[in-house]
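Me: I'm new to reading structures with two chains. Could you go through this one with me and explain the terms as we go?

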Protein chains: 2
Amino acid sequence: MDEKLVENAEARVQALLEVTTALIALDDEAELKAVLNTQRAADVADLLRLVDEETQEFLFGLLDETQAADALVESDIPTLHAIVEELEPQILSDIVEEMEPDDAADVLGDLNDEDAAEVLTLMASEQAQEVQELLVHEEDTGGGLMTPDFVLVHKSATVGDAIQALRDDEDTSDHYYVFVVDDEMRPVGTISIHRLVRAQPHQAVEQVMDGDVITVAYQTDQEEIARMFERYDFMAMPVVDENGRLVGRITADDVMDVIQEENAEDFYKMAGTNQDEVARPSILGIARSRMPWLLVGMGGSLLAGGVIESFKVTLAEVFTLAAFLPVIMAMGGSSGLQACTVTVRGLVTGQVSTGLVLRTVLREVATAILIGAVCGAGASLVAYVWFGETLVGICVGISMLLVICLSVFVGVSAPLIFHRFGIDPAVASGPFITISNDILGVFIYLGLATTLLHYFL
Amino acid sequence: MDEKLVENAEARVQALLEVTTALIALDDEAELKAVLNTQRAADVADLLRLVDEETQEFLFGLLDETQAADALVESDIPTLHAIVEELEPQILSDIVEEMEPDDAADVLGDLNDEDAAEVLTLMASEQAQEVQELLVHEEDTGGGLMTPDFVLVHKSATVGDAIQALRDDEDTSDHYYVFVVDDEMRPVGTISIHRLVRAQPHQAVEQVMDGDVITVAYQTDQEEIARMFERYDFMAMPVVDENGRLVGRITADDVMDVIQEENAEDFYKMAGTNQDEVARPSILGIARSRMPWLLVGMGGSLLAGGVIESFKVTLAEVFTLAAFLPVIMAMGGSSGLQACTVTVRGLVTGQVSTGLVLRTVLREVATAILIGAVCGAGASLVAYVWFGETLVGICVGISMLLVICLSVFVGVSAPLIFHRFGIDPAVASGPFITISNDILGVFIYLGLATTLLHYFL
């Protein structure tokens, strides 16, 4: 396989890093400038992330305004903060002016409020106003994602008019659709530019447009927007205000970032932490993100310990029972987490919808009975062979079955119930499942053991 | 807020379901046909998923070939199987002929091999060959994702030529770029159609194209491809063969599905199951997906039980120690999982790259010391207040600190090591972390307790 064909981002950045290091050693500032300003901004942003602070400041200073703007947009939050800290407010505001309004709003949103306000006052008033209008919207809604630049024509226009509108567009970024609006500025259709190119200039846009236009309200949550893009394979969607008037456009590349972000968020929540720790990765910051759930987990497992303590008579009588505490807790936890994860994902992707709740729960519980029977029989056998105690064997087997069934039931129900009451299932489910199943498991197992002991001994 | 503005997919499907049900009740087949054939295919696919099998067959029969093709492409695997089961092979092959070659390959890939082969023999030979060529590639590579339809011009062409090529393109789907190639069919540039429209017809394409073309080899893994799209904000990328010749195109809408799929895969793996259970949701199928990891977990936690058993002298002496087994195991497991999740995500998004391994590990361990100290002090205090035993308090506190530090170290190292050796960190890490930390936790805690007991009593 030709090595050169396997291009990947990491290799590109690595190569750029080597070239940069060499040119710094040679002190060839002119060439360095030429190289940095012709690279893709995402690669430059990565380069800036990887070098030490002094080099970072030096290299950033070599970027022309457009490239500096793009590199800032592509930078992660810690790098962004490090760079901005060293910049004169006036220079920063000149750079921000070069950004698309939605990117500018995102970058300013990531700065602290004082810095952002200072940049805005230094910016040209028209651009500052555009950005300020975007900053009003919640970052994770249609309004927060949209850019106010779009190309539109009235529904009475011709294909030729639409092409002219594309030519006249002052914004330098590429568009993929022209939006068609009625007298009230409400979107009534979309046309891909490819379709415009294929049509005859004298044709009416109404004839060639896709009239089944789906719009995004600016309050719409970004998760819902991402779902629409995936579902209908859009490259861009029109955003409308409360009167249904076209106010912006959301593009597929921004939505890809949203999908990745939302997924990451769910990941972190299920593990009991959050994305803040990635944005501000100081030791204190990370600890602050993780502590709450660890403390809740600690409280929960201390309760499980309390249950063990309360059964100490039973445990003292048949000490062997203690050896199976980990397996009972682990199996309850794992099978509950599996059911929970599948349900949370199903809710995210829309596979589990309100109409299918009963079917989902029944299928999970039926599976749990099967899994519980197999694992229960296995654990029972191990207990008997290991210690030769029939009673422990029976007790481990039965409680394993019960614990798995109950844990799976909790694992599938909790996210559905949380979702029902408008709580994000991902945040509530992971921690909730683990704790409740630990306590449940210990209680069922030792409770059953105590009952059986009373009965048989 | 105007209710009509908040459009979402679920509401659209619900409305479609109501209309369909009403029209079936009215027995108005003509209107039903008209409605179904003008809806977006993704909505029709969802409708088919939600109705019973008889209605499904009836409604699918009302779709014209293009809509039937699109609806099959958008269907999930269980619905696809249910529909295909009831179709004549000849009708199915006519429908598959209507699909884009990459979609046809995906659908055939989801059928069983016999059915797929039959459909291929019944298809028009030219189309069958195109699809067959795509089926050669692994589904999750550049070759598996690409469609062989693209618009290209030679680098000596003018903007006018490129626009003519777009007009002449027989494929009905929309394109967003024209690819520019050299004499050997190797891509040397890309031009967005918007840029073509803005340029003058007599200009050379070489003047307006983006010459920094990044290509995808057809062996490239889809995860890497998705990362490139996200990183560089592409709407489409050219795919090349082993000689660097243009053979296909990948579009952003397919990549969005890939991102969602890869994320889902990681989710399932971390919870110890896999996506097969979503594709084939029978009770036996789900149990088969989940069992392997549950059995591994069972083995691991039985080992932890063995450790407890081996310390039974110590536990018999100070029974109170048993009450803290759950909290020691839970804290090790949770803090290890947090570190592991953050590292796995970092590897996926490229935030944790090879150059940053040491920094990542050190930061995690430093955080663990902080978290461990806080939790250890807390648990120590609880133990002392609860039972009034200084020795248990000291023992719980110190081992909590040690367990958290070690678990976090394992949690951050395991995915890095797995990644290093080409094993997917997501599949290996979740289960591995939980088991090893359970055993580690019990061993450290009871080992320390035994040592302290010997020393002090």
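Me: How many residues of chain B are in contact with chain A?

Reply: This is a predicted model, so keep that in mind throughout. In it, 131 residues of chain B touch 131 residues of chain A. A residue gets onto that list when its heavy atoms lie within 4.5 Å of the other chain.

Me: What makes the relation between the chains a two-fold axis?

Reply: Look at the rotation and the shift. Chain B lands on chain A after a turn of 180 degrees with 0.0 Å of shift along the axis, and the RMSD is 0.1 Å. That's the relation of a two-fold axis, which is why the name fits. Both copies use the same surface, too: 100% of chain B's contact residues recur in chain A.

Me: How much area do chain B and chain A bury between them?

Reply: About 11800 Å², with 63% of it on carbon and sulfur atoms.

Me: Why is the pair A:Asp43 and B:Arg231 called a salt bridge?

Reply: Set the distance against the cut-off. The nitrogen-to-oxygen distance between these two side chains is 2.9 Å. The limit is 4 Å between a side-chain nitrogen of Lys or Arg and a carboxyl oxygen of Asp or Glu, so the pair qualifies. Between chain B and chain A the count is 14 salt bridges.

Me: Which helix gives the largest share of chain B's side of the interface?

Reply: That's helix H18 of chain B, residues 283-310, with 17 residues. By type, chain B's side that touches chain A has 67 nonpolar, 29 polar and 35 charged residues.

Conventions. Residues numbered from 1 in each chain as written. Chains lettered and ligands numbered in written order. Predicted model: local features only at pLDDT ≥ 70, side-chain atom pairs only at ≥ 80, totals over all residues. Heavy atoms only, no water. Least-squares fit on C-alpha atoms with pLDDT ≥ 70 in both. Buried area = accessible area lost by both parts, 1.4 Å probe. Helix = DSSP H or I, 4+ residues; strand = E, 2+ residues; numbered from the N terminus. Nonpolar A, V, L, I, M, F, W, Y, C, P; charged D, E, K, R; others polar.
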